[in-house]
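Please load the model in a viewer and keep the selection tool at hand. The tour below proceeds from one selection to the next and describes what is found at each stop.

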Amino acid sequence: MQGNIDMPCRRDFILASLAFGMFLIDGKSLAGSFKHYKFKHEPYKGPLLEKLLRLAKRLDSGQLAPSQYALEVQKRLRETKGVAEFKPWFEEIMQKPALAKLYESSWDKRRPALNLFFIPKGLAHAPHAHHSLTSTQLILSGKIHLRQYDRIKRIDRKHLGIRLTSDRVLKPGEAFRMTDFENNIHWFGAESEHSLLLNCNLSLINGKSFDPRGSRKPARYYIDPTSKAREDSLIIAPQIWGDENREEFLEKFEKNPLSKFSV
Ligand SMILES: [Fe+2]
């Protein structure tokens, strides 16, 4: 779990509120899942970029463990000027709720992905695990209800034993992060306001991994964490494998608030 942080300046929030007011979007109109959007605006070249590339080199050379890297990325994201630093891209994505890359990145070339992620009020990013990946998000505007879980053990190919690590609401300036062994599963939604997140992720190529490295892609693996926890707080959570039940799963978790599901 991460601690409190300094808030971005008031001007950022006013800017965000104005833009939200200008482009009201009905989240229910999205067709089942978030879309990837390619910006028309030129790629981001701000000071954050160089900082992230330097951190990626330190991760790959072993100077930083994944948990240290994720913490350092989180600090760098907080050093940005919030919404103001991403205004041209923010204005573009406000009309097209989606996940959008701020510059060209590639896992092979070891350039961290930096994205703006717009979540309209009423939608959630469904619960999912990642494999050999670290991902960090900063709330730029809005409010995000977040639940995170640790993967404790693999039960079988389709089930994981997981444990809830946090259930809270984040405001602008707050951040969260995951690695293979910390808060690997996350689930977050915009329950009361349209929300904009700054997201940075990078695949992990060194060190221990939960499942054997190379056994699966460093993609998103949807997982249902809503089974009742056992007495030892372990939740036996089914993984949504391939296309099986995927549509039904996304309908259930993307279009309902987290608070509808008890913990
Ligand atoms: Fe994720």
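**Starting point: helix H5**

Select helix H5 (residues 246–254), which lies across strand S4 (124–130) and S11 and runs at about 120 degrees to S4. The coordinates on display are those of a predicted model. Before moving on, display the whole protein chain as a cartoon: five helices and twelve strands should appear.

**The antiparallel sheet**

From S4 and S11, extend the selection to the sheet that contains them. This open sheet has six strands in the order S11-S4-S9-S6-S7-S12, and the pairing is antiparallel. S11 and S12 are the edge strands; each has a single partner strand, so one side of each lacks a neighbour in the sheet. From one strand to the next, the twist averages 40 degrees.

Next, select strand S6 (residues 144–156) together with strand S7 (residues 159–170). The two run antiparallel and are joined by eleven bridges. A hairpin of two residues connects S6 to S7. To check the register, pick isoleucine 144, whose bridge partner in S7 is leucine 170.

Add strand S9 (residues 185–189), which runs antiparallel to S6 and is joined to S6 by five bridges. Here leucine 146 stands opposite phenylalanine 188 of S9.

Then follow S7 to S12: these strands also run antiparallel, with four bridges between them. Histidine 159 has proline 238 in S12 as its bridge partner.

**Two loop residues with positive phi**

Which residue in the loop between S8 and S9 should be selected now? Asparagine 183 is found there. Although asparagine 183 is not a glycine, its phi is positive, at about 50 degrees. Asparagine 183 counts as buried because it has 21 C-beta neighbours inside 10 Å, where the cut-off for burial is 20 or more.

Now go to serine 233, in the loop between strand S11 (220–222) and strand S12 (235–238). Serine 233 is not a glycine either, yet it has a positive phi of about 75 degrees. Is serine 233 buried or exposed? Serine 233 counts as exposed, because it has 10 C-beta neighbours inside 10 Å.

**The mixed sheet**

Clear the selection and choose the other open sheet, in which six strands follow the order S1-S2-S3-S10-S5-S8 with mixed pairing. At its edges are strand S1 (35–37) and strand S8 (175–178), each of which pairs on one side only. Neighbouring strands in this sheet are turned against each other by 25 degrees on average, direction ignored.

At one edge, select S1 with strand S2 (residues 98–101): they pair in the parallel sense over three bridges. Histidine 36 has leucine 99 in S2 as its bridge partner.

Within S10, pick asparagine 201. Asparagine 201 is buried, with 21 other C-beta atoms within 10 Å. Leaving aside residues up to four places away in sequence, asparagine 201 touches Pro112, Ala113, Leu133, Thr134 and Ser135. A distance label from asparagine 201 to methionine 178 should read 9.5 Å, C-alpha to C-alpha, for a separation of 23 residues in sequence.

**Helices H3 and H2**

With the mixed sheet still displayed, add H3. This helix lies across strand S5 (133–141), S8 and strand S10 (195–203), and runs at about 20 degrees to S5.

Helix H3 (residues 66–78) also packs against helix H2 (residues 47–60), at an angle of about 175 degrees and with the axes 10 Å apart. H2 and H3 are therefore roughly antiparallel to each other. To show the contact, select Leu48, Lys51, Leu52, Leu55 and Leu59 on H2, and Pro66, Tyr69, Glu72, Val73 and Arg76 on H3. Coloured by class, the residues of this contact divide into seven nonpolar, no polar and three charged.

**The cores and the whole chain**

Now turn to the nonpolar cores. The largest has 43 residues, of which Phe90 and Leu116 touch the most other members. Another core lies apart from it and has nine residues, including Ala129, Leu160, Ile235 and Ile240.

Finally, return to the full view. Of the 263 residues in the protein chain, 37% are buried. Among contacts between residues at least 6 apart in sequence, 81% join residues at least 24 apart.

Key:
Residues numbered from 1 in each chain as written. Predicted model: local features only at pLDDT ≥ 70, side-chain atom pairs only at ≥ 80, totals over all residues. Core = buried A, V, L, I, M, F, W, Y, C linked by C-beta atoms within 7 Å. Buried ≥ 20, exposed ≤ 12 C-beta atoms within 10 Å, placed from the backbone. Axes fitted to C-alpha atoms, helices over the stretch in contact; angles between N-to-C directions. Parallel < 35°, antiparallel > 145°, perpendicular 65-115°, else oblique. Contact = placed C-beta atoms within 7 Å. Nonpolar A, V, L, I, M, F, W, Y, C, P; charged D, E, K, R; others polar. Pairing = 2+ DSSP bridges.
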